[in-house]
Amino acid sequence: YSAWTLTPQFRAGEDGFDIAWLGSWTSGAAMGDMVDSRGSGEAAELFKSYNSVVDCSGGHMLMSSATIHAPDGPPDDGVVMFSSCTVDEDSNMEAAMKAHAKGSADMRGRGSKGYSWIFHPALGFGETDFDYYMVVAMDNYAALGKAFDVYTNGGGWGARQKLYDGVVSCDSPRVYDAKLVRKPASS
């Protein structure tokens, strides 16, 4: 299990939190085991400690993820961006995944060093007006700035428009500082 706290940096309006906890398991079975054990041992202490300083009464949400471009092991501290994406009416999720994979490869080919995943809302979301989150992580703001230059002035924007046209639409990303608070001993 790996975990990060997320604090908002760039966002429009309110997305409902000042700080968030993002946890990641290696599998669904590992998630289930940890949730079952949340009432005892290290998990209980971590949960109790976090709840003593942060109000999580607004609930929890569970997402499943699909990797587009992964780092070697869980990322450390960095910057993470979430965009809400909707698959176009005459398209499908497979085409959207391919467009994101090609877009990620294109950005990496232009010098960007981000990592990316698709997060599908699973449990606790209720109704959503999007299909999934496109999540991109960078090691730091310097890497984000380079990616911004590549996207805006280095041809990334035009390439992305061609790949996404008729396939998927994503909104402007919300950017958060990610602080690693738990990393597995084996990583």
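Contact here means heavy atoms within 4.5 Å. The structure is a predicted model, and the exercises below work through it.

**Exercise 1. Find which residues M93 touches, leaving out residues up to four places away in sequence, and place M93 in the model.**

Step 1. Start with the element: M93 lies in helix 3.

Step 2. Apply the contact cut-off of 4.5 Å between heavy atoms. With residues up to four places away in sequence left out, M93 touches V87, I118, H120 and Y132.

Step 3. Take one of these partners, Y132, and compare sequence with space. M93 and Y132 are 39 residues apart in sequence, and their C-alpha atoms are 9.8 Å apart.

Step 4. Check accessibility. M93 has a relative accessibility of 27% and counts as partly exposed, because the partly exposed class runs between the 20% and 50% limits.

**Exercise 2. Identify the disulfide and state which parts of the chain the pair ties together.**

Step 1. Apply the criterion: the two cysteine sulfur atoms must lie within 2.5 Å. The sulfur atoms of C85 and C170 are 2.1 Å apart, so this pair is a disulfide.

Step 2. Count. The rule gives one disulfide.

Step 3. Describe the geometry. The link of C85 and C170 is right-handed, with 110° about the S-S bond.

Step 4. Locate both ends. C85 belongs to strand 4 (residues 78-87) and C170 to strand 7 (residues 168-170), so the link joins parts that are 85 residues apart in sequence.

Step 5. Compare the surroundings of the two ends. C85 is buried, at 0% relative accessible area, whereas C170 is partly exposed, at 30%.

**Exercise 3. Classify the ring pair F82 and Y176, then the pair F125 and Y133.**

Step 1. Begin with the total: seven aromatic pairs are found in the whole structure.

Step 2. Take F82 and Y176. Their ring centres are 5.9 Å apart and their planes meet at 80°, so the pair is edge-to-face. The cut-off that decides this is over 60 degrees.

Step 3. Place the two rings. F82 is in strand 4 and Y176 in strand 8 (residues 174-182), and the pair links distant parts of the chain, 94 residues apart. Both F82 and Y176 are buried.

Step 4. Take F125 and Y133. Here the centres are 6.5 Å apart with 50° between the planes, and the pair is tilted. Both F125 and Y133 are buried.

Step 5. Place these four residues in a wider group. One aromatic cluster is formed by F17, F82, F119, F125, F130, Y133 and Y176.

**Exercise 4. Describe the lining of the second largest pocket.**

Step 1. Give the volume: about 840 Å³ for the second largest pocket.

Step 2. Count the lining residues. There are 30, and those that lie nearest the centre of the pocket are M81, S83, Y151, R160 and P173.

Step 3. Assign elements. Two or more lining residues come from each of strand 4, helix 3 (93-109), strand 5, strand 6 (132-138), helix 4 (141-153), helix 5 (156-164) and strand 7.

Step 4. Sort the lining by class. It has 16 nonpolar, ten polar and four charged residues.

**Exercise 5. Decide whether Y115 and S116 are buried or exposed, and list the contacts of each.**

Step 1. Place the residues. Y115 is in strand 5, and S116 is also in strand 5, which covers residues 115-123.

Step 2. Apply the limit of under 20% for a buried residue. Y115, at 17% relative accessibility, counts as buried. S116, at 3%, counts as buried too.

Step 3. List the contacts, again without residues up to four places away in sequence. Y115 touches H69, A70, P71, V135, V136, A137 and D139. S116 touches T67, I68, H69, S104, M134, V135 and V136.

Step 4. Add a distance. Y115 and V135 are 20 residues apart along the chain, with their C-alpha atoms separated by 8.2 Å.

**Exercise 6. Place N140 and find which residues it touches, leaving out residues up to four places away in sequence.**

Step 1. N140 sits in the loop between strand 6 and helix 4.

Step 2. With a relative accessible area of 37%, N140 is partly exposed.

Step 3. Beyond four places in sequence, N140 touches G78 and V79.

Step 4. For a distance, use D77: N140 and D77 are 63 residues apart in sequence and 7.7 Å apart in space, C-alpha to C-alpha.

Key: Residues are numbered from 1 along each chain as its sequence is written. This is a predicted model: local features need pLDDT of at least 70, side-chain atom pairs count only at pLDDT 80 or more; totals for chains, interfaces and linings use all residues. Side-chain values use heavy atoms; hydrogens and water are left out. Buried means under 20% relative accessible area, exposed over 50%, partly exposed in between (1.4 Å probe, protein chains only). Rings of Phe, Tyr and Trp (its six-membered ring) pair if their centres lie within 6.5 Å; planes under 30 degrees apart count as stacked, over 60 as edge-to-face and the rest as tilted. On a 1 Å grid over the protein atoms alone, a cavity is a set of points where a 1.4 Å probe fits but cannot get out, and a pocket is an open set with protein on both sides within 12 Å along at least five of seven lines; lining residues have an atom within 4 Å of a point. Grid points are joined across faces, edges and corners, and a volume is the space filled by probe spheres set on the points. Ala, Val, Leu, Ile, Met, Phe, Trp, Tyr, Cys and Pro count as nonpolar, Asp, Glu, Lys and Arg as charged, and the others, Gly among them, as polar.
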